[in-house]
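Here is a friendly walk through some charged side-chain pairs. Have a look at the model first, and then read on.

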Amino acid sequence: KERNVSIFEVAECGSELSLDDDFPFDITRITTDFESNIHYNLHGSSFWSIQGKNYHQLPSIRFFLTGKTELPSNLREQPIIQMEKGKIINPSNIITGYQKTQKTSLSPFRQMQSAFDRDCLEAEKIIIVGYSFGDAHLNETIRMIIIHNPNAEINIIDPYFSKNKMDEKIGIELLSNSSINLSPSNLNENTISFLDGKVIVYEEYFDDYLKKIN
């Protein structure tokens with residue numbers, strides 16, 4: 001922002017946040033901004049605060065961007081909400097493990113996921129770094145890229161891809177949605193190609209990948 005680069009991180013704020021700041025998320029801009037450079041934490045952040053009640057002191061979840069870390073254990077009152085009848089969830093600013101799907105249906109998680117889907121379906125190149133393909137809702141987006149964005153090139157950067165047998169995992173869950181032959185081919189010692197070059201795996205660290213593409 002200090003260099004006049006359009007940056008958006010879920011809320012309208014300056015380049016620095018103070019400990020007392022609480023900026024409400026701009027839900028409309030999350031779903032409609034096509035021009036800015038964006039940074040979305042799809043699974044939340046410790047720099048999000050959570051409000052468990054509305055102005056009438058009724059249960060209502062709302063998140064804010066803040067300048068200090070917020071931990072669920074520090075909350076005076078734990079927020080609780082029912083997304084489905086009889087199924088109570090405890091919303092948190094960081095989503096991990098249990099009830100992940102239900103928690104991501106809250107705002108702003110759902111709007112960020114929608115924006116993520118939109119961008120992936122329109123992108124010419126997708127770069128995946130440090131992801132183990134363990135989240136069903138993110139895998140679903142990648143499946144849709146393969147099916148509905150056939151011109152996009154997907155680059156996976158993982159130095160332990162073969163060691164962890166990730167080719168078997170993504171082959172079954174993701175790549176099998178294409179009609180192209182699934183058999184991988186080695187472009188060189190550290191590079192594997194799938195789906196005739198649509199998906200390319202670089203078995204190297206991200207800094208080495210950056211040097212290569214620059």
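## Helix 5

Let's begin with Glu 173, which is partly exposed at 35% relative accessibility; that class lies between buried, under 20% relative accessible area, and exposed, over 50% (1.4 Å probe, protein chains only). Its partner Lys 169 is partly exposed as well, at 27%. The two side chains meet in a salt bridge, 3.2 Å from N to O, where the term means a side-chain nitrogen of Lys or Arg within 4 Å of a carboxyl oxygen of Asp or Glu. Both residues sit in helix 5 (residues 166-173), and because they are four residues apart, about one helical turn separates them. Helices here are DSSP runs of H or I with at least four residues, strands are E runs of at least two, and both are numbered from the N terminus.

## About the model

This is a predicted model, in which local features need pLDDT of at least 70 and side-chain atom pairs count only at pLDDT 80 or more, while totals for chains, interfaces and linings use all residues. Residues are numbered from 1 along each chain as its sequence is written, and side-chain values use heavy atoms, leaving out hydrogens and water.

## Other salt bridges

How many salt bridges does a search of the whole structure find? The count is seven. One of them joins Lys 100 to Asp 135, with the closest N and O atoms 2.6 Å apart. Lys 100 belongs to helix 2 (residues 100-103) and Asp 135 to the loop between strand 8 (125-129) and helix 4 (136-148), so this pair ties together parts 35 residues apart in sequence. Lys 100 is buried at 18%, and Asp 135 is buried at 13%.
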